[in-house]
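Below is a short briefing on one protein chain. It covers surface and charge, overall fold, and aromatic contacts.

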Amino acid sequence: MAPPVTSQDPRPFEYDVVIVGGGSAGAVLAARLSESPGRSVLLIEAGPAYASHELPRHILSGAVYEGDPSLLWEVPPADPQHTGHAASFVRAKVLGGGSAINAGVAMRAHPADFRRWERNGLTGWSHDEVLPYYRKLESDRDGSAHIDPALHGHDGPVHISRVSPQDLTPAHHAFSDACAALGFRSVDDLNTPHAGGIGHFPLSLADGIRQSTGLVYLHQAVRDRPNLHIRGATTIDTVAFDRQDNAIGVRTTDGALLRARETVLSAGAAGSAAILLRSGIGPADELKRLGIDVVTDLPVGRRLREHPCAYLLFSAPAEQLGATTPPVSVLLTMRSSLARADELDLQIAPSHLVRSDAYPHGSGLGFLLSVTRPEPDAHGTLQLASTDPAVPPRLHLGLLDDPKDLHKMTEAIALGRELADTTPSRSLGLNEIAPGPAVTSDTDMAAYLRAHVKPYPHLCATAPMGPDADAHAVVDFRGRVRGVPGLRVVDASILPDVPSVATNLTVIMIAELIADHFSRDAAV
């Protein structure tokens, strides 16, 4: 670790705030914090910092998932099922982060998620307190009479859309009809409180254009602010400290010191945790084994959370399957037999994102199954494999480690098969190819799921928020790192646990909320 900077160092702070990572949270923070002209903000992105007019098609197009491998931190791992869904975590390295490569699902966390956080002592994050920030970020102008305009924002940066019933693919039509045939209710708006059923995904797409935070928050007028500086292709090694262990900026991998009054890590659930650990913030025993001087002993990486998912794959004749765009549009959300009182813990979504070579004749349909409320103790771990920033951290995701989660996923498989056996689905000519009709016993199903379970990827909770009494908490209710003045984490790392939906919209909401309070704190 580089030597600390003394508090008497004659060099002034170059910036008021430095933000490490321009992803789903970092781009939001940069845009909102630089709204105050007297605050100088530096946004650092390890990947390309494309201007809006430079964005390549694979980032703009909502029909392309994960896009260019050169914009990922790690080479995508082997995918024996050819689903195009990685068997390990995927991290984007580009302005906009995960919001620049994802499928565009823009779902709010359920009220039950926030009630659970409250029960665990986290204040300031009730459903009523976060709702204004979900509304602030979105422009949801759905013309459906069933969408309550009072519950949605109408002039935020992120345009929310839904695929209209007449634009559903034949397979998605059939899936919706299959759900109705099995008695599932229709959900008019998946982004308002509901008790489960079949509904249309809210999507962060506008005329097919993915609404990444790099595009919609960092448009040209924002970039033209004289107090906002964006620096791409810059990788951060560690946080820099003075002799009192106050954060005073960051050090790049080439040794440069970028000084700031406040440092914010928004490098994602894996990236921010790794920077904390390399900087001496984390479990003392782990840091000492790597020869890292301990700044403060905190449980960074000890409570990693993720949604396990798996595929039911069906081949189908192309002429019966019909059109395959848009690739995602409808979602069934429900309760397993093990669900707690107010939880929706399973999801099934028909998907055309699966690669054509997954199917024997080049055409078919995937049912993406997910356990959206893993058991409370079903967490994984993140550890440094090396102090070299070029070496990815070592993750154990803990997917289906808990027998109850395995049971929930088995129920999802059974339900998916029921849906495929309804009259609407049979009209598509579906033929199950994975796990395959021969996989019926509990033993065989467990073996299949353990071999093919994947992360969604919704990695989070590597530096969770919590009250002072929470032994698992790394940051407080505003993302401030415990015992380290001048340092915050604001991204999926600080989620107390994994919400029961895709995480991207909630990460944007978190950045909006903390940016608002950041400004209020500065004004006091």
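The accessible surface of the chain amounts to about 19,600 Å², and carbon and sulfur atoms account for 51% of that area. The model is predicted, and its values are computed from the atoms.

**Surface and charge**
- Of the 524 residues in the chain, 60% are buried.
- The chain carries 45 positive and 60 negative charges, and the mean positions of these two sets lie 4 Å apart.

**Overall fold**
- The chain contains 14 helices and 22 strands.
- Its radius of gyration is 23 Å, close to the 24 Å that the globule rule gives for 524 residues, so the chain is as compact as a globular protein of that length.
- Along the principal axes, the C-alpha atoms fill a box of roughly 75 × 50 × 40 Å.
- When contacts between residues at least 6 apart in sequence are considered, 71% of them join residues at least 24 apart.

**Aromatic contacts**
- The chain has four aromatic pairs, counting rings whose centres lie within 6.5 Å.
- One of them is formed by F114 and Y134; the ring centres are 6.4 Å apart and the planes meet at 70 degrees, an edge-to-face arrangement.
- F114 belongs to helix 3 (residues 111-119) and Y134 to helix 4 (residues 127-137), so this pair ties together parts that are 20 residues apart in sequence.
- F114 and Y134 are both buried.
- W117 joins F114 and Y134 in one aromatic cluster.

Methods: Residues are numbered from 1 along each chain as its sequence is written. This is a predicted model: local features need pLDDT of at least 70, side-chain atom pairs count only at pLDDT 80 or more; totals for chains, interfaces and linings use all residues. Side-chain values use heavy atoms; hydrogens and water are left out. Helices (H or I, at least four residues) and strands (E, at least two) are DSSP runs, numbered from the N terminus. The radius of gyration is taken over C-alpha atoms; the globule rule is 2.2 Å times the number of residues to the power 0.38. Buried means under 20% relative accessible area, exposed over 50%, partly exposed in between (1.4 Å probe, protein chains only). Contact means heavy atoms within 4.5 Å. Accessible areas come from the Shrake-Rupley method with a 1.4 Å probe; for residues, only the protein chains shown count as cover. Lys and Arg count as positive and Asp and Glu as negative; His and the chain ends are not counted. The place of a charge is taken as NZ of Lys, CZ of Arg, CG of Asp or CD of Glu. Rings of Phe, Tyr and Trp (its six-membered ring) pair if their centres lie within 6.5 Å; planes under 30 degrees apart count as stacked, over 60 as edge-to-face and the rest as tilted.
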